[in-house]
Amino acid sequence: MPGTMTACRETPSPLLATFEDALAKLPDGYVDGHFDQRSWGVTVKRSQDGKRIWLYGEELSGTDIVSFNLYRLAGPGSILKPCEMSSATVVEFVLGFEPSTEKAAPPP
């Protein structure tokens with residue numbers, strides 16, 4: 001399937017660890033922030049069992065989006081499944097996204 005990546009095999013370990021650390025720091029729910037000097041709204045949902053993380057980000061003054069699921073495997077590793085974009089785009093976004101210090105309400 002295009003855009004699917006087994007992160008534990010195709011992404012170098014230091015980059016994967018940095019990506020997962022940055023993702024873990026994002027709060028659950030909605031948060032405003034900046035990426036590439038543009039305003040974004042990002043929603044993160046984590047499954048109760050901790051095996052799936054879903055992220056949807058939308059540029060607030062444009063048309064760009066970032067969306068993916070990260071599945072934790074029973075053994076070591078994870079599978080990153082971007083939604084109609086490259087894994088590199090997802091990794092770059094998560095590493096570069098800076099949440100605002102104030103939590104904002106989601107847009108209507």
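In this text a residue is buried when its relative accessible area is under 20%, exposed when that area is over 50%, and partly exposed in between (1.4 Å probe, protein chains only). Arg 72 gives us a starting example: with a relative accessible area of 31%, Arg 72 is partly exposed.

A word on the model before we go on. This is a predicted model, in which local features need pLDDT of at least 70 and side-chain atom pairs count only at pLDDT 80 or more, while totals for chains, interfaces and linings use all residues. Residues are numbered from 1 along each chain as its sequence is written, and side-chain values use heavy atoms, with hydrogens and water left out.

Let's follow Arg 72 to its partner. A salt bridge here is a side-chain nitrogen of Lys or Arg within 4 Å of a carboxyl oxygen of Asp or Glu, and the structure holds 5 salt bridges. In one of them Arg 72 pairs with Glu 20, and their closest N and O atoms are 2.6 Å apart. Glu 20 sits in helix H2 (residues 13-25) and Arg 72 in strand S4 (residues 65-72), so this pair ties together parts that are 52 residues apart in sequence. Helices (H or I, at least four residues) and strands (E, at least two) are DSSP runs, numbered from the N terminus. Unlike its partly exposed partner, Glu 20 is buried, at a relative accessible area of 18%.

Next, look at Arg 46 and Asp 28, whose side chains form a salt bridge at 2.3 Å, N to O. This pair also links distant parts of the chain, 18 residues apart: Arg 46 belongs to strand S2 (residues 38-46), and Asp 28 to the loop between H2 and strand S1 (29-35). Arg 46 is partly exposed at 28% relative accessible area, and Asp 28 is partly exposed at 45%.

Strand S2 also carries Arg 38, which bridges to Glu 59 in strand S3 (residues 52-59), so parts that are 21 residues apart in sequence are tied together. For this salt bridge the closest N and O atoms are 3.3 Å apart. Arg 38 is partly exposed at 24% relative accessibility, whereas Glu 59 is buried at 8%. Shared partners join Asp 36, Arg 38, Glu 59 and Asp 64 into one salt-bridge network.

Now for the aromatic rings. Rings of Phe, Tyr and Trp (its six-membered ring) pair if their centres lie within 6.5 Å; planes under 30 degrees apart count as stacked, over 60 as edge-to-face and the rest as tilted. By this rule there are 6 aromatic pairs. Trp 54 and Tyr 56 are stacked, because their ring centres are 6.4 Å apart and their planes are at 10°. Trp 54 is partly exposed at 23%, and Tyr 56 is partly exposed at 26%. Phe 93 and Phe 97 are stacked too, with centres 5.3 Å apart and planes at 25°. Both of these Phe residues are buried, and together with Phe 35 and Trp 40 they form one aromatic cluster.

Where do these threads meet? Try Val 42, which lies in strand S2 and is buried at 1% relative accessibility. Counting contacts as heavy atoms within 4.5 Å and leaving out residues up to four places away in sequence, Val 42 touches several residues, including Tyr 56, Phe 93 and Phe 97.
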